[in-house]
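Me: Please take me through this model in short turns. Begin with how the elements are assigned, then the conventions.

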There are 2 protein chains.
Amino acid sequence: MADVQIIDVSPRDGLQNEPAIVPTEKKKRLIEMLVDSNVKKIEATSFVHPRKVPQMADAEQVIKQCETFGEIEFVALIPNQKGFERAKQTNVSEVNWVTAATETFNCKNIGMSIDENFGQFKTIVQESKALNIKICFSIAVSFGCPYEGEVAPAKVISLVERAAEVGVDRIGIADTIGIATPKQVKQLLAEVMQVVPSIPIAIHLHDTRGLGLANAYAALEAGVNIFETSVSGIGGCPFAPGAAGNLATEDLVYMLERMGVRTDIDFEKLLAAADFAASLTSNQPLGRIRQVEKRGKCK
Amino acid sequence: MADVQIIDVSPRDGLQNEPAIVPTEKKKRLIEMLVDSNVKKIEATSFVHPRKVPQMADAEQVIKQCETFGEIEFVALIPNQKGFERAKQTNVSEVNWVTAATETFNCKNIGMSIDENFGQFKTIVQESKALNIKICFSIAVSFGCPYEGEVAPAKVISLVERAAEVGVDRIGIADTIGIATPKQVKQLLAEVMQVVPSIPIAIHLHDTRGLGLANAYAALEAGVNIFETSVSGIGGCPFAPGAAGNLATEDLVYMLERMGVRTDIDFEKLLAAADFAASLTSNQPLGRIRQVEKRGKCK
């Protein structure tokens with residue numbers, strides 16, 4: 001039994017910013033390698049409008065491919081009600097709704113105000129439950145926003161309370177642009193967990209400024225045990241300037257296992273998935289374990 | 001008034017592993033840039049035998065150059081009594097004695113047993129004090145050893161107690177090969193501070209596996225506020241396989257300042273020093289802030 005749950009978001013957050021379209025077959029292969037390394041939950045795609053994120057235009061096909069992988073839970077991001085209409089036609093296990101903590105980011109990311117966005121969310125929650133699709137509520141730019149700067153914890157807490165009232169299966173606190181510090185992470189997550197003690201809380205981490213692992217440790221110290229990361233640290237949000245790279249799943253797994261926190265993930269197989277993920281992107285990946293190995297000094 | 005003290009060790013730990021000899025003039029320039037960025041304590045060189053580490057053969061000249069920099073404290077590493085005999089002829093402010101936590105590392109690093117090594121240490125402490133040279137005692141491979149594996153905290157604590165008995169100005173706990181986890185750092189440092197509450201404790205960090213900042217945060221959580229790092233993350237120990245790169249000073253300063261922990265360091269000038277340090281080495285530097293900027297995504 002694992003002590004923590006790791007949701008690899010590389011097929012979605014890792015690839016969505018990639019300018020060259022990655023063929024569905026290769027996305028399937030990445031997912032297969034993640035499954036093979038024993039990752040139990042994967043954010044596979046996003047039901048976003050293909051004009052907005054052409055890389056995710058094959059969302060239905062990706063989820064269809066995932067059906068062959070058995071017991072694994074597949075998550076799809078949904079930015080709005082239309083996304084849900086598409087998602088519910090598929091066999092997706094869970095939808096991940098995203099609302100930003102700031103009006104400007106919400107407007108740029110999803111094209112509506114927080115209230116409109118939340119209104120749409122409320123209309124889909126009951127249907128989602130009736131269809132036995134788990135529903136997760138993620139709060140983008142929970143620590144800092146590329147447009148509005150530092151985000152007051154009260155804004156995040158207010159959204160957490162509203163989501164809890166509606167009823168959700170998980171709440172995700174996202175450091176969308178990798179600007180959080182360990183101090184912020186520990187304080188905000190402790191407060192969130194106090195406000196909604198019975199809802200599982202996930203932390204979504206980017207490693208833009210190298211603080212990803214420190215933030216993961218701070219989250220763990222706060223009592224959070226669900227992490228959203230990408231193999232090889234690929235990724236970034238197309239609407240979030242500066243959001244280079246998720247925290248690398250393999251770096252997190254390395255740290256956790258070394259601290260005696262069980263992930264149940266096969267590390268060697270995860271490294272193979274990380275190498276494959278890196279080969280799909282044009283950016284040099286950020287994962288540290290692999291980088292240092294390439295320096296030829298870390299045996 | 002700064003909340004923490006940062007000892008930049010790049011002229012010593014950062015350069016000692018560099019195969020091409022860096023001219024004394026360039027070492028002076030690096031030190032000057034560090035001084036200019038308001039780093040108040042710098043480990044400038046090592047009085048190690050020139051045959052063992054040819055890069056440090058100019059130790060006397062380096063310390064001589066430092067005399068022009070005024071109020072800054074300059075530290076020199078000394079591996080043995082002979083090193084102290086050389087150091088005391090100079091104007092060095094502080095000597096940093098190194099004993100390893102494991103017999104094998106001590107033998108490979110310093111060529112004697114821990115007891116012999118400690119015996120030499122005891123003989124120089126009084127003289128050092130009489131000469132008004134501060135004396136620091138550093139414990140290498142405090143968390144893990146490339147030859148003996150994981151290091152039992154009891155071994156470190158025993159050396160801490162012996163050093164405290166002799167009387168030292170600071171005790172350094174070194175993660176020489178960058179193998180520590182935040183959990184280990186927090187636990188060991190908390191124990192050390194409990195055992196010797198009145199002696200300042202420093203943590204010496206490497207970033208070999210990307211855990212440097214997480215470990216620095218854990219050290220801060222344990223109450224430690226003296227950090228040994230290298231600009232640009234250059235460095236590594238010639239006798240410690242796998243010891244690639246100290247934690248980058250600029251990454252630490254970035255994290256600390258963002259958390260409201262004052263360093264009093266001029267960040268832009270520190271980045272300039274980091275770039276200069278990187279230009280002196282053959283290895284690609286590990287500092288994250290600069291790496292990410294070079295990806296062109298982190299503004």
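Reply: Helices (H or I, at least four residues) and strands (E, at least two) are DSSP runs, numbered from the N terminus. This is a predicted model, in which local features need pLDDT of at least 70 and side-chain atom pairs count only at pLDDT 80 or more, while totals for chains, interfaces and linings use all residues. Residues are numbered from 1 along each chain as its sequence is written, chains are lettered from A and ligands numbered from 1 in the order in which they are written, and side-chain values use heavy atoms, with hydrogens and water left out.

Me: Which strand of chain B holds Lys41(B)?
Reply: Lys41(B) has a relative accessible area of 4%, so it counts as buried (under 20%, against over 50% for exposed and partly exposed in between, with a 1.4 Å probe and protein chains only). The element of chain B that contains Lys41(B) is strand S2.

Me: How far apart in space are Lys41(B) and Glu73(B)?
Reply: Along the sequence, 32 residues separate Lys41(B) from Glu73(B). From C-alpha to C-alpha, the distance between Lys41(B) and Glu73(B) is 4.8 Å.

Me: Which residue of S3(B) is the bridge partner of Ser46(B)?
Reply: S2(B) and S3(B) run parallel and are joined by 5 bridges; two strands pair if DSSP finds at least two bridges between them. Within S3(B), Ser46(B) is partnered by Leu77(B).

Me: Through which helix does the chain cross from S2(B) to S3(B)?
Reply: This β-α-β crossover is right-handed, meaning that, with the strands pointing away from the viewer, the path from the first strand over the helix to the second runs clockwise. The helix on the way from S2(B) to S3(B) spans residues 59–66 of chain B and is H3.

Me: Which residue in S4(B) stands opposite Ile78(B)?
Reply: S3(B) is also joined to S4(B), by 4 bridges, and these two strands run parallel. A right-handed β-α-β unit is made by S3(B), H4(B) and S4(B). Opposite Ile78(B), in S4(B), is Trp97(B).

Me: How many residues of strand S3 of chain B are buried?
Reply: Strand S3 of chain B covers residues 73–78. It is largely enclosed by the rest of the structure, because the buried count is 5 of the 6 residues.

Me: How many residues of helix H10 of chain B are buried, and what phi does Gly260(B) take just after H10(B)?
Reply: Helix H10 of chain B covers residues 249–258 and is largely enclosed by the rest of the structure, because 8 of the 10 residues are buried. The buried set runs through Thr249(B), Glu250(B), Asp251(B), Leu252(B), Val253(B), Tyr254(B), Met255(B) and Leu256(B). Just after H10(B), the phi of Gly260(B) is positive, at about 85°.

Me: Why can Cys66(A) and Cys107(A) not form bonds with their closest cysteines, and how many disulfides are found over all chains?
Reply: A disulfide here is a pair of cysteine sulfur atoms within 2.5 Å. The sulfur of Cys66(A), a buried residue at 4% relative accessible area, is 17 Å from the closest cysteine sulfur, in Cys136(A), and that is too far for a bond. Cys107(A), partly exposed at 45%, has its closest cysteine sulfur in Cys145(A) at 11 Å, so this pair is also too far apart for a bond. Over all chains, the number of disulfides found in a search of the whole structure is 0.
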